Amino acid sequence: MSQNIYILGGHQTDFAANWTRNDKSLFDLFSDSILRALEKTRLDAKDIEVGHVGNFVAELFTGQGMLGGFFGHVHPDFSGMPSSRHEGACASGSLAILAAMADIESGRYDLACVAGVELMRNVPGQQAADNLGAAIYVGEEGQTAQYIWPAMFSDLAEEYDRRYGLKYDHLSEISRINFENARRNPNAQARGWEFGNRSFTEDDEQNPVIEGWMRRQDCGQVTDGAAVVFLASENKAREYAKQHGLSLDNIARIKGWGHTTAPMKMQTKLDESAGQDYVLPWTRKAITDAYARADIAGPEALDAIETHDCFSVTEYMAIEHFGITAPGEAWKAIEDGRIGFAGSIPVNPSGGLIGMGHPVGATGVRMVLDATKQVTETAGDYQVDGARNVGTFNVGGSGTTNCSFVIGTGT
């Protein structure tokens, strides 16, 4: 990076809230999250120089596009502020962050608002699934599936089983850990959910099959939600720190980032990776690029990870692609407890997408906000002791858009 990018803080909505049921609109979700973020960070709307919005399919869920135009209705001081919207399916929020970083690195602006937002619970479940299917290669794959994304990631599980062997018990343990972590998080969608004795087994009543390998507890949630972060140049962050009596070294910053785009079709990805150690090499490259830019060797330099568990197998894949284990050996990190909340490298202390929730356009921003909370010791009951560096991985499509960040404080 040409310069340091600092994170001054932000806000996440309660992912358990159903905004439509509460007679609230997409704009209400957007506006509320930004105003609360301004309040929490003690920033003024007039100080924000540029806005970036991460959103996937507002047109399909609500009929609304042109989301950057919402800023001028949130606060009159936003009127005239340049803004843009970014889409990369479930990685839309991360793309918005990358665009805001580029704005700051170029010297155009010093302070950016990044808002990720998605309203998804205003339609029936099947319609939501169909809307999200816009991120496959439409007409070329997934035609026979009722629920497209569980089917696509069941294919990933099938590939893992073919290459390395895969036990469902390991997938279900990932889900169990993430639901348990969500109980500590006051913003998690599933924080109050209760489960039976066989909810994390191959019990067709308590954990029915959705598609193939993927059962109910393996699947991320349909969620309404928004997350906001404010990104600043070093000069602006230094000014902010002085104004609020803070040390610059204690303000979170983006130490490294990675971004790759693989071919859209799942089968093309699997064909390209045939004979390689990593099932999704473009995922691996995004993560190792973030490591390289952060000048760290690997996961041993991380204190926690927030990763994309839209399905349990996605986290299973990420465990290996972060380098926590060798390829084909993610099960070892599950069995020995190192990815648990009290483990040596906690994964998804927030609850992840399975426990926290997954408003798709907001997820990448939410991950970076959670990483920021961890390294500034403001994560509350889900704080990982001594966290100084946290990695994130956010994916759009079936491993198509891959974004990774290393967030930390100090040198």
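**Asparagine 207, strand β8 and a cavity**

A: The side chains of asparagine 207 and tyrosine 168 are joined by a polar contact of 2.9 Å, where a polar contact is a pair of N or O atoms within 3.5 Å, one able to donate a hydrogen and the other to accept it within protein, and where residues adjacent in sequence count only if both atoms are side-chain atoms. This is a predicted model, in which local features need pLDDT of at least 70 and side-chain atom pairs count only at pLDDT 80 or more, while totals for chains, interfaces and linings use all residues. Residues are numbered from 1 along each chain as its sequence is written, and side-chain values use heavy atoms, with hydrogens and water left out.

Q: Which backbone oxygen does the side chain of asparagine 207 reach?
A: That side chain reaches the backbone oxygen of threonine 201, at 3.0 Å.

Q: And is asparagine 207 buried or exposed?
A: Asparagine 207 is buried, because its relative accessible area is 0%, and buried means under 20% relative accessible area, exposed over 50% and partly exposed in between, with a 1.4 Å probe and protein chains only.

Q: Where does asparagine 207 lie?
A: Asparagine 207 lies in the loop between α7 (168–182) and β5 (209–211); helices (H or I, at least four residues) and strands (E, at least two) are DSSP runs, numbered from the N terminus.

Q: Switching topic, how many residues of β8 are buried?
A: In strand β8, which covers residues 252–261, 7 of the 10 residues are buried.

Q: What about β1, how many bridges join it to β8?
A: There are 3 bridges between β8 and strand β1 (residues 5–12), and the two run antiparallel; two strands pair if DSSP finds at least two bridges between them. Isoleucine 7 has alanine 252 in β8 as its bridge partner.

Q: And how do β8 and β11 pair?
A: β8 pairs with strand β11 (residues 401–408) in the antiparallel sense, over 8 bridges, and glycine 258 stands opposite serine 404 in β11.

Q: Last one, which residues line the largest cavity?
A: The lining is made of Ala262, Lys269, Glu272, Leu280, Pro281, Trp282, Thr283 and Gly399. A cavity is a set of points on a 1 Å grid over the protein atoms alone where a 1.4 Å probe fits but cannot get out, and lining residues have an atom within 4 Å of a point.

Q: Which element gives the most to that lining?
A: α10 gives the most to the lining of the largest cavity, with 3 residues.

Note on methods:
1 Å grid on protein atoms, 1.4 Å probe; cavity = no way out; pocket = protein on both sides within 12 Å on 5 of 7 lines; lining within 4 Å.
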